[in-house]
Amino acid sequence: QHLEVDKLAPLKDKSFLIHWVITMITAVLFFQIFTVLPIYHKEQFGLSEFQSGLLLSFYGVLLLLFELPVVSFVENRKYKKTLIILVGLACIGFSYLLLALINMPIVLIVSTFFMGLGSMLTFSFASNFVSGRSFKNQEGLFMSMFQMSYGFAHVFSAKTGLTIVDVYGFKANWLFNFGLAMVGVLLSFYLYKEVKNNLIKT
């Protein structure tokens, strides 16, 4: 009976469920780097697969060079993880807003920079929040349910993005992604207040 209660623990944790949704939103936005964006590169700017790959490589180099320093900088200053994720989602949203507003090749580089920065601040701290909420004998349970958010996001990301592009165009998809990111920002702020009010350390 005790084990049954343990198995339902994540579903009874309101803050965990909110964080689960935030993580799924983040992943939906992130996965479009590999699905919708390469098509946009080709159709809007005539980039070859190699040139599109160079942009992805730029993203990878950003993570390689700056992820550890950025994460260490943030952790050393004891910022709340929920607020860090909020800032990260704002950066990801801004990267899509740039794509919607500016129709110049340089925007691809600037947008990739903000996407990279946002990824560092969201994914790097998302799992830490989950492990901080679970007891030692429940970490595996919480983490397995947490990882499911990426699976759902993988299904929804390409399908949603490509459908919007097909019906309404790329700009509509970028604006939709920006709006989705802002929903994530608001949820992150709500989660920050929720955790703070419950006096739970994150």
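So, the second largest cavity: about 40 Å³ of space lies in it. By cavity I mean a set of points on a 1 Å grid, laid over the protein atoms alone, where a 1.4 Å probe fits but cannot get out. The volume is the space filled by probe spheres set on those points, which are joined across faces, edges and corners. Please keep in mind that this is a predicted model, where local features need pLDDT of at least 70, side-chain atom pairs count only at pLDDT 80 or more, and totals for chains, interfaces and linings use all residues. Numbering runs from 1 along each chain as its sequence is written, and side-chain values use heavy atoms, with hydrogens and water left out.

Who lines this second cavity? The residues are Ile22, Thr23, Thr26, Ile85, Thr122, Phe123, Ala126 and Tyr150, where lining means having an atom within 4 Å of a point. Helix 3 (14-31) and helix 7 each supply at least two of them; helices here are DSSP runs of H or I with at least four residues, numbered from the N terminus. By class, the lining has five nonpolar, three polar and no charged residues. For the classes, Ala, Val, Leu, Ile, Met, Phe, Trp, Tyr, Cys and Pro count as nonpolar, Asp, Glu, Lys and Arg as charged, and the others, Gly among them, as polar.

How many cavities of 30 Å³ or more are there? The count comes to two. The largest holds about 140 Å³ of space. Its lining has 13 residues, and those nearest its centre are Ile33, Leu37, His41, Leu108 and Thr112. Two or more lining residues come from each of helix 4 (36-45), helix 5 (49-76), helix 6 (81-101) and helix 7 (106-133). Helix 7 gives the largest share, four residues. Sorted by class, this lining has nine nonpolar, four polar and no charged residues.

On to the packing. The largest nonpolar core has 50 residues, and Leu29, Leu99 and Trp174 have the most contacts inside it. Such a core is a set of buried Ala, Val, Leu, Ile, Met, Phe, Trp, Tyr and Cys residues joined through side-chain atoms within 4.5 Å. Buried means under 20% relative accessible area, exposed means over 50%, and partly exposed is in between, with a 1.4 Å probe and protein chains only. The elements giving two or more residues to this core are helix 3, helix 4, helix 5, helix 6, helix 7, helix 8 (139-168) and helix 9 (170-197). Helix 3 gives the most, with eleven residues.

If you click on Leu29, you'll find it in contact with Leu89, Ile92, Tyr96, Met115, Asn177, Leu180 and Ala181, leaving aside neighbours within four places in sequence. A contact here is heavy atoms within 4.5 Å. Now look from the other side: Asn177 sits in helix 9 and counts as buried, at 0% relative accessibility. With the same neighbours within four places left out, Asn177 is in contact with Leu29, Gln32 and Tyr96.

Let's walk along helix 7 for a moment. Phe113 has its place there and counts as partly exposed because its relative accessibility is 38%. Beyond residues up to four places away in sequence, Phe113 touches Phe58 and Leu62. Gly118 also lies in helix 7, and is buried, with a relative accessible area of 0%. Its touching partners, not counting residues up to four places away in sequence, are Gly88, Cys91 and Ile92. Gly118 and Phe94 are 24 residues apart in sequence, with 9.3 Å between their C-alpha atoms. Then comes Ser119, in helix 7 too and buried, at 4% relative accessible area. Ser119 is in contact with Phe30, Tyr59, Ile92 and Ser124, again leaving aside neighbours within four places in sequence.

One backbone detail, for those who like a Ramachandran plot. Most residues other than glycine have a negative phi. Lys78, however, has a phi near 55°, a positive value in a residue other than glycine. Where is Lys78 found? In the loop between helix 5 and helix 6, where Lys78 is exposed, with a relative accessible area of 69%.

Last, confidence. The mean pLDDT of the protein chain is 88, and 91% of its residues reach 70 or more; pLDDT is the predictor's confidence in each residue, from 0 to 100. Confidence is lowest in helix 1 (residues 2-7), at a mean of 52, and highest in helix 6, at 95.

Technical notes: On a 1 Å grid over the protein atoms alone, a cavity is a set of points where a 1.4 Å probe fits but cannot get out, and a pocket is an open set with protein on both sides within 12 Å along at least five of seven lines; lining residues have an atom within 4 Å of a point.
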